[in-house]
Amino acid sequence: GEVDDVTAAVLFAARLPYVDPTRIYLGGHSTGATLALLVAGTGLPVQGVFAFGPVADPSTYTSSQLPVAWKRLGSEEQRLRAPIHWLHAIKAPTWIIEGANPPSNMDAQSQLCKARKSEQVHCVQVAGLDHFSVLQPLTRRIAAQLAMGEDPKLESTAPLP
């Protein structure tokens, strides 16, 4: 249902009179990034997806990180929530972004990047930043590019100012 909720929100926003449906992007951080990747795999008509620090499989979360009894879910329910299984279905340009310094989800990013089968999926590792500090400079860079009508240009990069 969580993917359905995000999909419904994007489709609702696309119908608003002040929203240009050809300029809708989806983004998320951490668990939100994991969900953004799952939504990207549905083929939702967005221009791009920015996933900051997702996990490849949420069953790797500890109970203190996410209080869900994963072992009680059936294997198919677990699989449905693991974006590593759905990367092949991504049609929109999608960036998996993570800071290279700890704390980070670099192990998950590595797994996701090795598993990608879609040429639309790009991996961006940012040196000198971590799971949290990567957000502000990269979102500013992305917003500036989008505001200028440019396609986002992100690649593995050195530390940002």
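Cys123 is partly exposed in this predicted model, with a relative accessible area of 22%. Its partner in a disulfide is Cys113, with the two sulfurs 1.8 Å apart. Cys113 comes out on the other side of the cut-off: its relative accessible area is 15%, and buried means under 20%, so Cys113 counts as buried. In case you want the chemistry spelled out, a disulfide is a covalent bond between the sulfur atoms of two cysteines. The count for this model comes to 1 disulfide. Check the torsion about the S-S bond of Cys113 and Cys123 and you'll get about -115°, so this disulfide is left-handed. As for what it ties together, Cys113 sits in helix H4 and Cys123 in strand S4, and the pair, 10 residues apart, links distant parts of the chain.

That bond is a handy way into the fold, since H4 and S4 both have a place in the sheet story. Helix H4 covers residues 106-115 and lies across S3 and S4, running at about 150° to S3. Put S3, H4 and S4 together and you have a right-handed β-α-β unit. The two strands of that unit run parallel and are joined by 6 bridges. One place to spot the pairing is Thr94, which stands opposite Val121 in S4.

Now zoom out to the sheet. It is an open one, made of 4 strands in the order S1-S2-S3-S4, with parallel pairing. At its edges are S1 and S4 (121-126), each pairing on one side only. Neighbouring strands are turned by 15° against each other on average, if you ignore direction.

Next, walk over to strand S2, residues 48-52. How many of its residues are buried? The answer is 5 of the 5, so S2 is largely enclosed by the rest of the structure. You can see this on both faces: Gly48, Phe50 and Phe52 are buried on one side, and Val49 and Ala51 are buried on the other. S2 has strand partners too. Strand S1, residues 25-29, runs parallel to S2 and is joined to it by 5 bridges. Within that pairing, Leu26 stands opposite Val49. To get from S1 to S2, the chain passes through helix H2, residues 31-40, and this β-α-β crossover is right-handed.

S2 also pairs with strand S3, residues 94-99, again in parallel, through 4 bridges. If you'd like to trace individual partners here, Ala51 goes with Ile96 in S3, and Phe52 goes with Ile97 in S3. Helix H2 joins in as well: it packs on the sheet, touching S1, S2 and S3, and its direction makes about 145° with that of S1.

One loop residue deserves a stop on this tour. Ser30 is found between S1 and H2. Is Ser30 buried or exposed? Its relative accessibility is 18%, so Ser30 counts as buried. Leaving aside residues up to four places away in sequence, Ser30 touches Phe52, Gly53, Pro54, Tyr61, Asn105 and His131. Phe52 in that list is one of the buried residues of S2.

Finally, step back to the whole chain. It has 5 helices and 4 strands, and from the N terminus on the elements run α-β-α-β-α-β-α-β-α. The radius of gyration is 16 Å, close to the 15 Å that the globule rule gives for 161 residues, so the chain is as compact as a globular protein of that length. Along the principal axes, the C-alpha atoms fill a box of roughly 45 × 40 × 30 Å. Of the 161 residues, 40% are buried. The contacts reach along the sequence too: among those with a separation of 6 or more, 70% are between residues 24 or more positions apart.

Technical notes:
Residues are numbered from 1 along each chain as its sequence is written. This is a predicted model: local features need pLDDT of at least 70, side-chain atom pairs count only at pLDDT 80 or more; totals for chains, interfaces and linings use all residues. Side-chain values use heavy atoms; hydrogens and water are left out. Buried means under 20% relative accessible area, exposed over 50%, partly exposed in between (1.4 Å probe, protein chains only). Two strands pair if DSSP finds at least two bridges between them. A crossover is right-handed if, with the strands pointing away from the viewer, the path from the first strand over the helix to the second runs clockwise. Axes are lines fitted to C-alpha atoms, for helices over the stretch in contact, and angles run from 0 to 180 degrees between N-to-C directions. Contact means heavy atoms within 4.5 Å. A disulfide is a pair of cysteine sulfur atoms within 2.5 Å. The radius of gyration is taken over C-alpha atoms; the globule rule is 2.2 Å times the number of residues to the power 0.38.
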